[in-house]
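Here are some notes for a colleague opening this model for the first time. Please read them with the structure in view.

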Amino acid sequence: MTTVFLVSHYTPTQGIIDKFKEYFYSKKGFRTYLVQHPLYPSSGLPSRVVSQNREVTTHLPAGLQFAIEGFASLFLLKKLGEKINKAGIALCFDPLAFLHMFLLKRTLGIKKVVYYNMDFSTQRFENKFMNAMYRLIDRFAYKKSDFFVSVTEEYINYTDPKGKYRDKNIIIRHFVETKLVKKVAKQKNSIVFAGTLSKTIDFEPLLLAVRKLKDSEIKFVLDIYGTGTNEPKVRRKVKSLGLNKEVAFKGTVENKKLVREILPRYEIAVAPYISKDKSVSDHMFRGIDLTSKLVEYLAAGTPIVTTRLFPAFDVIEEKRFGFLVSNKDEWYSALKNLLTDDNTLKTYSENASRYAKRYDTETVLTPIVKKVLP
């Protein structure tokens with residue numbers, strides 16, 4: 001039995017760690033633990049350890065959380081009361097999570113600590129001191145990791161230009177359980193957004209476009225799954241545009257349920273990313289493939305309408321499974337096309353499902369897991 005620690009900071013909206021959790025839960029020979037602390041210490045979320053049988057939590061002082069969360073992780077693992085096989089791996093999804101698990105490596109009997117970098121940024125924080133500290137810990141995690149996993153080589157080129165540590169690097173795609181997505185009837189004229197309502201998302205052009213759809217008497221519903229710091233702002237805009245009947249806020253749901261059961265019910269999926277903005281971490285604009293959100297949309301067979309973050313998004317129109325837009329008029333035109341032309345909707349939906357197969361979990365993840373096992 002191999003013990004796997006999945007370690008990260010988290011928000012109410014689930015993400016990549018939950019996909020790894022479902023993967024390891026579904027495989028024999030693994031005992032998996034989630035070790036998580038709030039991304040924003042003052043958010044009120046607990047620090048927690050989750051096993052396949054139970055969960056234990058505690059609340060740490062916000063001002064001390066980042067400094068003491070390693071000790072808290074050890075405390076929670078002991079409190080869980082399960083015997084931990086000392087022959088495992090720790091998969092860490094941010095540099096601070098890596099630092100704490102690296103320090104606990106001997107105590108927990110971890111054989112390998114893996115650093116999974118979800119995005120690359122040279123400017124994570126506006127505060128220069130905070131950014132310098134982040135980069136210091138980030139470089140430490142890269143150098144000390146037994147394996148480094150990333151969705152882009154740009155991080156490696158920037159952090160390790162001489163290639164000193166390249167032998168341990170693994171490039172990975174985003175992944176999704178395409179075979180477990182349910183085939184269900186789609187709700188007519190339905191649009192969905194799923195993700196964090198943060199400053200990286202700009203709903204205004206989209207909402208102005210759907211207001212125009214309403215004025216044009218084109219029927220639709222837009223359901224929003226997720227929450228975040230910008231939710232009040234989005235709610236106010238929905239109300240001011242008189243869209244309360246058409247736009248619904250559905251809250252957060254488990255990633256497994258979202259991908260397998262909820263997204264497949266919708267005809268169209270949207271991703272209103274912001275345009276380039278100096279106040280936002282530059283990792284958003286440095287990708288080399290589709291984002292995890294878009295991959296989940298594809299698996300559900302939903303054509304995508306999105307803003308273009310970087311050149312890799314061009315495949316959306318090249319392979320004809322969606323539209324790239326940049327303003328309210330283009331949002332309106334793309335949505336109107338899909339809502340009123342059944343042939344276009346059917347073709348784009350089929351193309352989406354077909355393209356999603358390149359991101360299937362077994363194809364992407366299993367070879368990498370075999371490589372990093374102790």
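**Notes on the cavities, sheets and pocket**

1. Start with the second largest cavity. α1, β5 (88-92), β6 (110-117) and α15 (366-372) each supply at least two residues of its lining. Helix α15 gives the most, with 3 residues. Keep in mind that this is a predicted model.

2. The volume of this second largest cavity is about 80 Å³. Its lining consists of F20, F24, I89, L91, V114, Y116, V149, I172, L365, I368, V369 and V372. By class, that makes 12 nonpolar residues, with no polar and no charged ones.

3. How many cavities of 30 Å³ or more does a search of the whole structure find? The search finds 3. The largest holds about 110 Å³ of space. Its lining residues are D18, K19, E22, F175, V176, E177, N255, K256, V259, R260 and T361. Two elements give two or more residues to this lining: α1 (16-25) and α9 (255-262).

4. Which element gives the most to the lining of the largest cavity? It is α9, with 4 residues. The class make-up of this lining is 3 nonpolar, 2 polar and 6 charged residues. Set that beside the second largest cavity, where the lining has no charged residues. Helix α1 is named for both linings: it gives two or more residues to that of the largest cavity and at least two to that of the second largest.

5. Next, the sheet that holds β5 and β6. It is open and has 8 strands, in the order β4-β3-β2-β1-β5-β6-β7-β8, with mixed pairing. Which strands stand at the edges? They are β4 (55-58) and β8 (169-171). Each has a single partner strand, so one side of each is left without a neighbour in the sheet. From one strand to the next, the twist averages 20 degrees.

6. Look at the β4 end of this sheet. Strand β3 (residues 47-50) pairs with β4 in the antiparallel sense, over 4 bridges. Here S47 stands opposite T58 in β4. Helix α2 (residues 65-80) packs on the sheet and touches β1 (2-10), β2 (30-38), β3 and β4. The direction of α2 makes about 145 degrees with that of β2.

7. A further helix, α5 (residues 128-144), also packs on this sheet. Its contacts are with β6, β7 (147-150) and β8. The direction of α5 makes about 130 degrees with that of β6.

8. Now the other sheet to inspect. It is an open sheet of 6 strands with parallel pairing, ordered β11-β10-β9-β12-β13-β14. Its edge strands are β11 (247-251) and β14 (322-325), and each pairs on one side only. The twist averages 20 degrees from one strand to the next. Helix α8 (residues 231-240) packs on this sheet, touching β10 (221-225) and β11. The direction of α8 makes about 155 degrees with that of β11.

9. At the β14 edge, strand β13 (residues 304-307) runs parallel to β14 and is joined to it by 4 bridges. I304 stands opposite G322 in β14, and T307 stands opposite V325. Are the residues of β14 buried or exposed? G322 and L324 on one side are buried, and so are F323 and V325 on the other. Both faces of this edge strand are thus covered.

10. One charged residue deserves a look. E246 lies in the loop between α8 and β11. Its relative accessible area is 14%, and with a cut-off of under 20% it therefore counts as buried. Leaving aside residues up to four places away in sequence, E246 touches K214, F220, V221 and L222.

11. Last, the second largest pocket. About 170 Å³ of space lies in it. Its lining is made of L197, S198, K199, I201, D202, F203, E204, L207, N230, K233, V234 and K237. The elements giving two or more residues are α7 (204-215) and α8. Helix α8 gives the most, with 3 residues. By class, the lining has 5 nonpolar, 2 polar and 5 charged residues. So α8 appears twice in these notes: it lines this pocket and packs on the sheet of 6 strands.

Notes:
Residues are numbered from 1 along each chain as its sequence is written. This is a predicted model: local features need pLDDT of at least 70, side-chain atom pairs count only at pLDDT 80 or more; totals for chains, interfaces and linings use all residues. Side-chain values use heavy atoms; hydrogens and water are left out. Two strands pair if DSSP finds at least two bridges between them. Axes are lines fitted to C-alpha atoms, for helices over the stretch in contact, and angles run from 0 to 180 degrees between N-to-C directions. Contact means heavy atoms within 4.5 Å. On a 1 Å grid over the protein atoms alone, a cavity is a set of points where a 1.4 Å probe fits but cannot get out, and a pocket is an open set with protein on both sides within 12 Å along at least five of seven lines; lining residues have an atom within 4 Å of a point. Grid points are joined across faces, edges and corners, and a volume is the space filled by probe spheres set on the points. Ala, Val, Leu, Ile, Met, Phe, Trp, Tyr, Cys and Pro count as nonpolar, Asp, Glu, Lys and Arg as charged, and the others, Gly among them, as polar. Buried means under 20% relative accessible area, exposed over 50%, partly exposed in between (1.4 Å probe, protein chains only).
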